Amino acid sequence: MPNKKKPAEMPSVEVVEEKPSPRETADEGPAVVLARDIYPGVLPIIPIETRPFFPGVRAPLIIEDDLVRQRLVERTLSGNKMIGLILRKENQVLRENSDSEAPSPDDLFRVGVLAEILQVAQAGEGGPVQIILGALERFRAQEIYRDGPHLEARVSYELEDEFEESDEIRAYTLAVVNSIKELIKLDPLHKEELRLFMAQTPLDKPGRLADFAAALTSANGEDLQEVLECFDILSRLETVLWLLKKEIEIARLQTRISNQVEEKLSKQQREFFLREQLKAIKKELGLEKEGRESEIERFEARMEKLQLSEEAAGRVEEELAKLKVLDPSSPEYNVSRNYIDWLTVLPWGVFSQEIHDLAHSAEILDRDHYGLKDVKDRILEFLSVGIVKGNISGSILCFVGPPGVGKTSIGRSIAEAVGREFYRFSVGGMRDEAEIKGHRRTYIGALPGKFLQAMKTCGAANPVIMLDEIDKIGASYRGDPASALLEVLDPEQNTTFQDHYLDVRFDLSNVLFICTANQLDTIPRPLLDRMEIIKLSGYILQEKMEIARRFLVPKQLREHGLDAKQLTITAPALREIISGYAREPGVRSLEMHIKRIVRKAVRRIVEGHSGRIKVEKGGLTDWLGRRIFTDESLYAKPPAGVVMGLAWTSMGGDTLLVEARGIHTGKAGYKQTGQLGKVMVESAEIAYTCVRAELSDHPNAKTFFDEHLIHLHVPAGATPKDGPSAGITMATALYSLALDRPVKKRFAMTGELSLTSQVLPVGGIKEKTIAAKRAGIQNLIFPLANRSDFEDLPEEIRRGLRPHFVTSLTEVLSLTF
């Protein structure tokens with residue numbers, strides 16, 4: 001607040017030309033006049049915008065209006081320094097144009113203060129004028145009118161004469177004083193103002209005290225105007241006391257906020273200084289270096305342990321030199337530091353110690369997997385070549401087979417057998433080339449591709465990396481990951497594999513890559529040519545029995561907190577689970593059903609069952625519900641027109657029934673149903689043509705075909721089917737229907753039929769043979785060209801089967817009828 005001037009607050013003032021003693025006689029003393037006779041009755045009015053002045057207050061006022069500025073200067077020069085100050089009402093719009101007319105009389109309140117111009121200062125020619133005013137007394141404007149462009153008012157003064165002091169006024173006065181003291185404690189800036197006021201004004205002037213207190217507050221203009229208009233001392237004290245209490249609450253809130261901010265800043269500054277001191281102490285003691293120096297030393301220490309290529313070493317040296325001159329707070333510093341970190345964390349020239357022991361490898365494969373003898377033999381042959389060469393690398397294995405046959409676990413066993421680190425990641429659904437070859441360093445958050453991340457994780461340059469689900473890799477506008485894999489999986493190219501992020505050649509030729517897939521059809525041909533295919537066809541009943549007994553049941557008992565003394569699953573029950581609930585080629589569904597049994601057993605034990613729980617074949621419906629798979633034959637004895645075929649799917653081998661039926665329409669016709677694919681529909685057409693040609697000399701059959709619509713159906717209708725291998729099966733079904741003779745034995749067959757009735761070879765012999773054995777079919781018909789495929793099957797699969805190899809449809813019909 002500005003400094004205060006002691007106001008002329010007595011009802012009369014003395015006007016003297018010299019300084020006589022106040023005790024002079026009446027003859028020699030000065031003349032005494034009333035103040036109301038000295039104060040002018042007409043005043044020029046200066047509107048105030050924000051808050052009113054109070055009597056006894058000295059404060060500056062800036063005048064920008066040219067006309068008002070000119071008038072003030074004129075009055076000052078003329079010696080007439082008295083003006084009136086009236087607050088402008090808040091609901092009136094301020095005039096921004098200095099050349100516009102002055103506010104109208106209705107824009108102003110009716111109570112203001114008389115002020116004396118104490119000092120005038122102008123900031124340059126034509127600039128605003130700053131005046132220092134000393135407010136003297138309240139007045140009430142009787143009339144406000146315009147004198148040309150200016151406002152003037154006829155005023156009457158409300159002088160504070162002697163008043164009757166009461167206890168109530170004294171109490172309010174003390175309350176105001178105490179409130180001012182409390183406010184000063186919260187805001188010490190008002191302390192000097194109070195000291196000056198108390199030195200000039202005694203406490204027996206409560207009106208002046210109220211005016212001073214109001215001037216101390218930050219109340220708005222209307223509230224302060226209300227105080228100015230309180231001519232009654234008691235009402236003025238009461239209003240001011242309310243404003244002081246409100247100001248105290250605001251000051252307390254402001255103090256609390258300031259303390260919170262200062263406390264937070266102080267804590268941060270304290271932590272900063274302590275951190276700097278700790279850093280300086282550690283530096284003096286040699287315990288710690290600066291962050292940048294420490295990182296550079298760490299990178300240099302890594303380089304000493306690695307065998308970087310010439311290109312990589314030059315790049316690291318270049319980046320280290322750049323890092324030494326960069327500001328640690330710059331974004332480029334972090335980019336460069338991360339790049340050097342990746343360059344020096346990769347296993348340049350670091351290799352795992354391999355185990356070249358074929359017996360040890362065979363032991364691990366037999367320990368982790370039962371059966372799959374042909375697959376194990378292929379793996380051991382591959383490892384033998386690596387042992388002779390001294391390095392197991394240079395080719396890419398691809399395990400192809402249905403889900404749950406152990407493709408991924410075999411890869412993990414191979415890594416353990418040769419003593420290498422194992423890293424697996426799935427490429428199924430991958431659509432971004434950057435996942436393989438990394439992002440360029442210009443992108444925020446850029447990282448190397450999966451292969452260099454695998455190298456960092458394994459910490460060796462010769463791990464076993466498994467690419468799962470390679471047949472499900474995708475492509476998008478971000479690139480084709482399958483094409484990016486061509487460089488990685490080519491032994492002639494991966495010696496100089498260049499990641500987009502690293503931008504330095506890294507040797508991947510020492511990595512043993514293993515891929516897994518459910519089928520080969522969706523793998524791009526150039527990628528497939530780089531792989532050595534090993535097929536896992538699935539497990540037969542006996543193999544599943546052993547796997548469940550050796551691995552699955554003990555594993556589930558262990559995971560559920562049980563032992564063999566608490567739960568036993570008998571061999572007949574396991575056989576029934578395999579044949580009636582889990583017929584898929586793998587063992588994943590079998591494991592899920594065993595887990596379901598174990599969970600129910602655990603519940604029974606928790607509910608109070610005592611003694612061993614024994615799962616028998618006859619009680620499986622209580623454990624697993626009704627049987628999912630029934631006997632393959634829908635008929636106790638297949639009627640004419642029904643023949644069983646063998647099919648291959650991505651889930652392994654399966655059996656299917658082909659049904660044919662004739663409808664007498666008086667004319668020939670032929671249709672097929674069962675969601676048959678285009679190739680299978682063509683096979684059905686060929687079968688129809690071949691059978692009609694075969695029976696062209698049979699009078700009854702010729703009449704049958706000429707007068708009947710033949711309907712060929714392959715259940716199940718909701719499953720899509722395609723391929724040529726059901727040719728002889730559909731022809732046999734049509735032949736049986738035409739002669740009305742059922743197949744004499746329970747046969748299952750597969751083979752492609754040509755238009756000249758020749759039987760052509762098909763694939764998936766192992767899967768189809770396992771499916772027939774699983775279904776209990778003993779008599780099988782294969783193309784003669786597939787004899788070697790059948791004879792290559794393990795003895796335990798061929799045992800109990802009676803295969804028949806044919807070259808033509810005539811041989812098929814002679815076997816079946």
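A residue is called buried when its relative accessible area is under 20%, exposed when over 50%, and partly exposed in between (1.4 Å probe, protein chains only). Keep that in mind for this tour of a predicted model, in which local features need pLDDT of at least 70, side-chain atom pairs count only at pLDDT 80 or more, and totals for chains, interfaces and linings use all residues. Residues are numbered from 1 along each chain as its sequence is written, and side-chain values use heavy atoms, with hydrogens and water left out.

**The whole chain**

Start with everything shown. The chain has 28 helices and 26 strands; these are DSSP runs numbered from the N terminus, with H or I and at least four residues for helices, and E and at least two for strands. Of its 817 residues, 45% count as buried. Contact here means heavy atoms within 4.5 Å. Among contacts with a separation of 6 or more, 74% are between residues 24 or more positions apart.

**Strand β4**

Now select residues 58-63, which form strand β4. Which side chains point to the buried face? Ala-59, Leu-61 and Ile-63 do, while Arg-58, Pro-60 and Ile-62 point to the other face and are not buried. In a regular strand, side chains alternate between the two faces of the sheet. Add residues 129-147, strand β7: it runs antiparallel to β4, and 6 bridges join them. Strands pair if DSSP finds at least two bridges between them. Look for Gln-130 in β7, which stands opposite Ile-62.

**Lys-437 and Ile-465**

Next, pick Lys-437 in helix α14 (residues 434-437). This lysine is buried, with a relative accessible area of 12%. Not counting residues up to four places away in sequence, Lys-437 touches several residues, including Phe-497, His-500 and Tyr-501.

Then move to Ile-465 in strand β11 (residues 464-468). Why does Ile-465 count as buried? Because its relative accessible area is 0%. Leaving aside neighbours within four places in sequence, its contacts include Tyr-423, Phe-425, Phe-451 and Val-511. Try drawing a C-alpha to C-alpha distance from Ile-465 to Val-511: they are 46 residues apart in sequence and 7.0 Å apart in space.

**Helix α18 and its surroundings**

Select residues 541-559 to see helix α18, with 19 residues. From first C-alpha to last, α18 reaches 25 Å, close to the 27 Å expected at 1.5 Å a residue; that expected span is 1.5 Å times one less than the number of residues. Where does α18 bend? At Ala-548, by about 45°, the angle between axes fitted to the seven residues ending there and the seven starting there.

Among the buried residues of α18 are Glu-543, Met-545, Ile-547, Ala-548, Leu-552 and Val-553. The helix's buried residues pack against β16 (567-569), α19, α20 (588-606) and α27 (795-798). After α18 comes Gly-561, with a positive phi near 75°.

Stop at α19 (residues 571-580), where you will find Glu-576. Glu-576 is buried, with a relative accessible area of 14%. Beyond its neighbours within four places in sequence, Glu-576 is in contact with Tyr-581, Lys-617, Leu-620 and Arg-627.
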